[in-house]
Structure formats: C-alpha cells, structure tokens
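Here is a walk through one protein model, from the overall fold down to single residues. Have the sequence and the 3D view open as you read.

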Amino acid sequence: MLQAREPNEFARASSHSSSSHSDGPLFLGLALLAGFAGGLMAFLTPHSAAGWSETGLRHGLLLDFFVIAPAFLGGLGRLLLPAQLKRSSMALPGFDHAGIALLATGLALLLSSEWLGATCLLLAVLAWAGGMFAVSIGTIASVLEDRPDRFRALSPFVWSQFLTASAFIVVLPVLSAGVVRVGLGSMPAEAALDRLLHVFRVPELALSILPALGIAADMIFRRDRNVPALLTGIMALMSLGTAIVWAHGVINGVRDFVPLEIFGVAVPTLVLIAAFCVSLWSVRSSASLPLFWSFGALLLFSAGWLLRILPQGQTDLHSAALFGAIFALFGGCYRWLQEAQNNAVPRWVGMVHLQITALGVVCSFLPMAGLHHFGEAVMGVSLLCAIPLAWRITMAQREQKLAVMS
C-alpha cells in the first residue's frame with residue numbers, strides 16, 4: 001500500500017526548519033538557471049558548426065554538474081530532509097551557504113569561459129567541486145546527528161541522500177586533482193578536460209541516478225516500515241562501491257571503466273527498478289501526481305540501459321539518465337507541495353506539465369533533426385513551467401514562516 005505522510009505531520013516537522021527550507025529554492029533556482037543556459041546553448045548552436053565540441057563541453061557541464069547534483073542534494077535535500085529527520089534545521093547551515101556561493105561562482109565562471117578563456121572553465125569545475133563538497137558535508141552531518149536509533153529506520157530518500165553525499169566526498173578530491181593537473185599540463189585545456197570528464201562519466205552517472213531512484217523509492221515503499229536491507233545494500237553498491245572502485249582505478253591509471261559501469265551502475269539500477277515495479281503492482285490506492293513523475297523516471301532509466309547496446313548507446317544512455325533525473329526532480333517538487341498543508345498544486349496543472357515534458361523527451365530521442373530541435377524547444381517550455389512551480393514553493397515556505405512567527 002502506498003502511504004503518504006499526513007499533511008499536518010509534515011507541516012509540524014517542516015515549520016521549524018524555515019531557515020533550511022529557504023536554501024532549497026536557492027539551489028533549485030540555480031539549477032533552473034543552469035538548465036535554461038544549457039538548453040539555450042544546445043538549441044542555438046548547430047551540431048555541424050566548427051567548435052561544436054567546445055560548446056558541447058560547456059553544455060554538458062551545465063546540465064550534468066550544475067543542474068542534477070545541486071537540484072537533488074541542495075534543492076530537494078533541503079526541502080525534504082529536515083522534515084524526514086524531524087530536525088529544526090540542517091546541522092551545518094554555513095556549509096549550505098558556502099555551497100550556494102561556490103556553485104553560483106562556478107556557474108558564472110562557466111558562462112564566461114567562452115570569452116575569458118579556458119582557465120575560467122577549469123576554475124568553474126573546481127568551484128563546483130568545492131560547492132558540492134560543502135553541500136555533501138552538510139547532508140552527512142545532518143543525517144548522522146539526528147538519525148533514528150537504527151539506520152534501517154531511515155527512509156529510502158534519506159538513505160539515497162546520505163549515500164550520494166558520501167560518494168561525492170570520495171570522488172570530488174580525485175576529480176579536483178585531475179582538473180589541477182589539466183591546468184598545469186601542456187595539452188589544450190578544453191580537450192584535456194573533456195577527456196577527464198569522460199573518465200568521470202561512470203560515477204557521475206551513478207550519482208545522478210541514485211538520488212532520483214531515492215525519490216521514486218520514497219513514494220513507492222511505505223514510510224512506516226524498515227527499508228529492506230537489499231534496497232540499502234544496492235544503493236550502497238551504486239554509490240560508495242562505484243566511487244571507491246573508480247577512485248582506485250583512476251589513481252592506478254585505469255582507463256576502461258565499462259565493467260564498473262555494468263556491475264556498479266547498470267545491474268544495481270535494473271534490480272532496483274524491478275523491485276519498484278513489484279511494489280507498484282501491490283499499490284491499491286489511487287496513483288498520485290508525484291507517482292506518475294516517478295514512473296516516467298523509472299521508464300527512462302530502463303530504456304537508457306536498453307539503448308546502451310546501440311552504436312550511439314553512450315550518448316543515448318546519458319540523455320535518458322538526464323531526462324529520468326529531471327522527471328524524478330519534478331516529482332519530488334510536486335510531492336513537497338502536495339505534503340505541505342494547503343499548498344497542493346491542481347492536478348491538471350501537473351498533468352499538463354508532465355505531458356509537455358514527455359513530448360519533449362520523445363522528440364529529443366527521435367533521429368530526425370527537425371524533431372530533435374522541436375524536442376529541445378518543448379523541453380524549454382517544460383523548464384518554463386518550472387518557474388511558477390518554484391515560485392509556489394517559495395510562497396509556501398513564506399506562509400509556513402509567517403505561521404511560525406505568528
């Protein structure tokens with residue numbers, strides 16, 4: 001049975017964490033800005049134009065680094081984590097503020113790198129790494145400080161946040177060291193950074209999929225029972241297991257991470273999706289709007305691994321993972337508004353948004369150039385739909401803060 005937390009319980013838990021919640025929209029706004037910039041860059045730049053590889057590098061950095069990770073760990077993490085841990089605020093709010101500042105600085109450097117040179121591109125990645133390191137420290141400290149007596153009592157969402165943050169602590173120093181080495185080397189910075197990011201693709205894929213699966217799992221599994229040990233173990237394998245093996249391989253000069261991608265990301269992801277489908281089969285209550293978004297995420301993750309066997313499989317898998325994470329992200333935002341007392345979004349609004357996003361995804365995967373550009377434009381409309389959603393979240397938080405003050 002799918003069981004949601006009672007709105008009054010959620011309101012009581014979240015009403016004491018307005019300071020933490022205020023950081024959530026800032027992270028989401030930063031991710032939204034990066035998404036618009038990346039989408040506009042891809043839409044306005046012809047694929048056959050000279051220098052497309054450098055533009056594609058900046059486009060990939062915007063979407064992979066400055067959208068997914070800040071939105072999940074910073075945005076949804078700061079919106080949902082305090083209430084689930086029943087704490088008044090994040091344990092280290094100063095780290096969150098530093099994370100926002102560093103991520104904003106990195107985004108500004110990345111957007112300026114085309115005119116100011118490749119050094120700004122390297123500094124942007126370092127600033128992103130520093131920002132995500134600070135956010136990860138805040139997440140880990142909050143979970144450890146106010147966890148229940150047993151770790152198994154943590155919800156799937158909290159587990160996914162904790163394990164993703166722990167994996168970032170492992171991989172970010174290795175990535176930063178690689179970026180510094182690129183800056184000190186003689187090879188052109190853009191080409192060397194592109195090679196480094198290609199090596200980083202496996203942990204990046206795992207750390208994009210895991211928090212999205214955590215959102216889906218939290219909507220599917222009952223919140224009032226212990227998380228199955230198998231589920232927790234698979235999440236740990238995807239996050240810490242993949243991160244540690246990858247870091248060891250990079251330090252020892254390994255360049256082929258296909259086996260790690262298969263056994264550290266693909267197999268655990270498909271096992272989790274199969275477990276979710278079995279749980280969905282037993283759901284008796286009417287499907288909620290966030291559950292529809294989660295189902296879209298699971299479908300895209302499954303399709304991505306099937307597309308991986310095609311000639312352009314790596315690109316298709318990357319696109320499917322990105323779109324699946326976006327579906328899970330929107331599902332988490334609608335869920336927060338649904339659980340916040342008197343702040344639910346009309347169902348038809350969310351369904352229209354869902355259909356627009358699904359149309360953009362389908363068109364983006366079709367091989368015809370015209371439909372591909374049409375899909376990118378439709379995804380831009382989907383991001384525009386996220387603006388009133390973010391505004392509604394901000395207003396809901398303001399109402400909660402005024403209620404506490406009164």
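## Overall fold

Helices here are DSSP runs of H or I with at least four residues, strands are runs of E with at least two, and both are numbered from the N terminus. On that basis the protein has 14 helices and zero strands. Keep in mind that this is a predicted model. Reading from the N terminus, the element order is simply α-α-α-α-α-α-α-α-α-α-α-α-α-α.

How much of the protein is buried? Of its 406 residues, 54% fall in the buried class. The accessible surface adds up to about 17300 Å², and carbon and sulfur atoms own 68% of that. As for how the chain meets itself, take the contacts with a separation of 6 or more: 82% of them involve residues 24 or more positions apart.

## The nonpolar core

Which residues have the most contacts inside the largest nonpolar core? They are Trp 128 and Leu 193, in a core of 120 residues. Helix 3 (residues 52-85) gives the most to this core, with 17 residues.

Trp 128 is a good place to zoom in. Leaving out residues up to four places away in sequence, Trp 128 touches Phe 65, Phe 66, Ala 69 and Pro 70, and also Leu 103, Phe 168, Leu 172 and Leu 175.

## A salt bridge out of sight

How many salt bridges does the count come to? Just one salt bridge. It joins the side chains of Asp 96 and Arg 78, at 2.6 Å from N to O. The partners come from distant parts of the chain, 18 residues apart, with Asp 96 in helix 4 (residues 93-116) and Arg 78 in helix 3. As background, side chains of opposite charge can pair when their charged atoms come close.

Are the two partners buried or exposed? Asp 96 has 0% relative accessibility, so it counts as buried. Arg 78 is also buried, because its relative accessibility is 0%.

Arg 78 has another link worth a look. Its C-alpha atom is separated by 7.6 Å from that of Met 90, twelve residues away along the chain. Met 90 sits in the loop between helix 3 and helix 4. Despite that loop position, Met 90 is buried, with a relative accessible area of 2%.

## Helix 13, helix 14 and a loop

Gly 360 belongs to helix 13 (residues 347-365). Its relative accessibility is 0%, so Gly 360 counts as buried. Setting aside residues up to four places away in sequence, Gly 360 touches Gly 375, Val 378 and Met 379. There is also a C-alpha separation of 7.5 Å between Gly 360 and Ala 377, which are 17 residues apart along the chain.

Trp 391 is found in helix 14 (residues 369-405). Is Trp 391 buried or exposed? Exposed starts at over 50% relative accessible area, and Trp 391 is exposed because its value is 56%. Along the chain, Trp 391 and Gly 29 are 362 residues apart, yet their C-alpha atoms are separated by 9.6 Å.

Over in the loop between helix 5 (118-145) and helix 6 (156-184) you'll find Ser 155. At 10% relative accessibility, Ser 155 is counted as buried. The C-alpha atoms of Ser 155 and Gly 214 are separated by 8.9 Å, with their positions 59 residues apart along the chain.

## Surface patch and cysteines

Which residues make up the nonpolar patch on the surface? Val 258, Ile 262, Phe 263, Val 267 and Val 271 form it, and together they have about 420 Å² of accessible area. One of them, Val 267, lies in helix 10 (residues 258-281). With a relative accessible area of 39%, Val 267 is partly exposed.

Last, the cysteines. The disulfide count comes to zero. Cys 120 counts as buried at 10% relative accessibility, whereas Cys 385 counts as partly exposed at 25%. The cut-off explains the two labels: buried means under 20% relative accessible area, so 10% puts Cys 120 in that class, while 25% puts Cys 385 in the partly exposed one.

Definitions and conventions. Residues are numbered from 1 along each chain as its sequence is written. This is a predicted model: local features need pLDDT of at least 70, side-chain atom pairs count only at pLDDT 80 or more; totals for chains, interfaces and linings use all residues. Side-chain values use heavy atoms; hydrogens and water are left out. Buried means under 20% relative accessible area, exposed over 50%, partly exposed in between (1.4 Å probe, protein chains only). A disulfide is a pair of cysteine sulfur atoms within 2.5 Å. Patches are made of residues with over 30% relative accessible area and no salt bridge: like charges are joined within 9 Å, nonpolar side chains (Val, Leu, Ile, Met, Phe, Trp, Tyr) within 5 Å. Accessible areas come from the Shrake-Rupley method with a 1.4 Å probe; for residues, only the protein chains shown count as cover. A salt bridge is a side-chain nitrogen of Lys or Arg within 4 Å of a carboxyl oxygen of Asp or Glu. Contact means heavy atoms within 4.5 Å. A nonpolar core is a set of buried Ala, Val, Leu, Ile, Met, Phe, Trp, Tyr and Cys residues joined through side-chain atoms within 4.5 Å.
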